[in-house]
Amino acid sequence: MLLGLRTVIYPAKDLDAAKVWFTQLTGAAPYFDQPFYVGFNVAGYELGLLPADDPDGDAEATTYWGCADIDAEVRRVAALGATLASAIKDVGEGIKVAVVVSPMGDRIGLIEKPHFQLP
């Protein structure tokens, strides 16, 4: 079952410019800053920037919903008619993500983030 919103990731054609703009918008500097991903902690939630030319990058923002067991959740939403757009992958520190597409065409991110805590 879904546990609530966790993360939104925006594609960035100009990662450096996006980093500056989102720092100004959120009032927070990135806590993770690499050429392949920039992450901000905004009141306990993740705002991520992904280079738009990244082969796994999405053309649009993706919102990720938390789940306790991503394997079980992918099976559950598939049984509800969703299709897998991006297979489950481990992105480090025990965090796993996947993207499914609903029968209506909506992209839905799923994230298993075992260390997530609201402040």
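**Salt bridges, strand pairing and aromatic contacts in a predicted model**

In this predicted model, the side chains of lysine 113 and glutamate 46 meet in a salt bridge, with an N to O distance of 3.8 Å.

Reader: How many residues apart in sequence are the parts that lysine 113 and glutamate 46 tie together?

Author: Lysine 113 lies in the segment after S8, whereas glutamate 46 belongs to strand S4. The pair therefore ties together parts of the chain whose separation in sequence is 67 residues.

Reader: Is glutamate 46 buried or exposed?

Author: The cut-off for a buried residue is a relative accessible area under 20%. Glutamate 46 has a relative accessibility of 8%, so it counts as buried. Its partner in the salt bridge, lysine 113, is partly exposed at 22%. For glutamate 46 the class is thus buried.

Reader: Which residues are joined into one network by salt bridges that share partners?

Author: The structure holds four salt bridges, and one of them is formed by the side chains of lysine 19 and aspartate 33, at 3.0 Å from N to O. Lysine 19 lies in helix H1 and aspartate 33 in strand S2 (residues 32–34), so this pair ties together parts 14 residues apart in sequence. Lysine 19 is buried at 17% relative accessible area, while aspartate 33 is partly exposed at 38%. Through shared partners, the network consists of Asp16, Lys19 and Asp33.

Reader: In which helix do arginine 76 and glutamate 73 both lie?

Author: The side chains of arginine 76 and glutamate 73 meet in a salt bridge of 2.8 Å, N to O. Glutamate 73 counts as buried at 2% relative accessibility, whereas arginine 76 is partly exposed at 32%. The two residues are three positions apart, about one turn of the helix, and the element that holds both is H2 (residues 70–79).

Reader: Why is strand S7 largely enclosed by the rest of the structure?

Author: Strand S7 spans residues 95–101, which makes seven residues. S7 is largely enclosed because the number of its residues that are buried is five.

Reader: Over how many bridges do S6 and S7 pair, and in which sense?

Author: Strand S6 covers residues 83–92. One contact between the two strands is that of threonine 83, whose bridge partner in S7 is valine 101. S6 and S7 also form a hairpin with two residues between them, and glutamate 93 in that turn has a positive phi of about 55°. The pairing runs over six bridges, and its sense is antiparallel.

Reader: Which residue in the hairpin of S7 and S8 takes a positive phi near 95°?

Author: S7 and strand S8 (residues 107–112) pair in the antiparallel sense over six bridges. Within this pairing, alanine 98 has leucine 110 in S8 as its bridge partner. The hairpin has five residues between the strands, and the residue with the positive phi near 95° is glycine 105.

Reader: Is the pair of tyrosine 10 and phenylalanine 22 stacked or edge-to-face?

Author: The structure holds five aromatic pairs. In the pair of tyrosine 10 and phenylalanine 22, the ring centres are 5.3 Å apart and the planes stand at 20°. The pair links distant parts of the chain, with tyrosine 10 in strand S1 (residues 2–12) and phenylalanine 22 in helix H1 (residues 15–26), 12 residues apart. Planes under 30 degrees apart are the cut-off for this class, so the pair is stacked.

Reader: What is the angle between the planes of phenylalanine 32 and phenylalanine 36?

Author: Phenylalanine 32 is partly exposed, with 31% relative accessible area, and phenylalanine 36 is also partly exposed, at 47%. Their rings form an aromatic pair with a distance of 5.9 Å centre to centre. The pair is edge-to-face, and the angle between its planes is 65°.

Reader: What accessible area do the residues of the nonpolar patch have together?

Author: One member of the patch is tyrosine 45, which is placed in strand S4 (residues 45–51). Tyrosine 45 counts as partly exposed at 33% relative accessibility. Leu2, Leu5, Tyr45, Trp65 and Leu118 form the patch on the surface, and their accessible area together is about 440 Å².

Key:
Residues numbered from 1 in each chain as written. Predicted model: local features only at pLDDT ≥ 70, side-chain atom pairs only at ≥ 80, totals over all residues. Heavy atoms only, no water. Buried < 20%, exposed > 50% of the residue type's maximum accessible area, 1.4 Å probe, protein only. Helix = DSSP H or I, 4+ residues; strand = E, 2+ residues; numbered from the N terminus. Pairing = 2+ DSSP bridges. Patch = residues over 30% accessible without salt bridge, like charges linked within 9 Å, V, L, I, M, F, W, Y side chains within 5 Å. Areas by Shrake-Rupley, 256 points an atom, 1.4 Å probe, with all protein chains shown as cover. Phe/Tyr/Trp six-rings, centres within 6.5 Å; stacked < 30°, edge-to-face > 60°.
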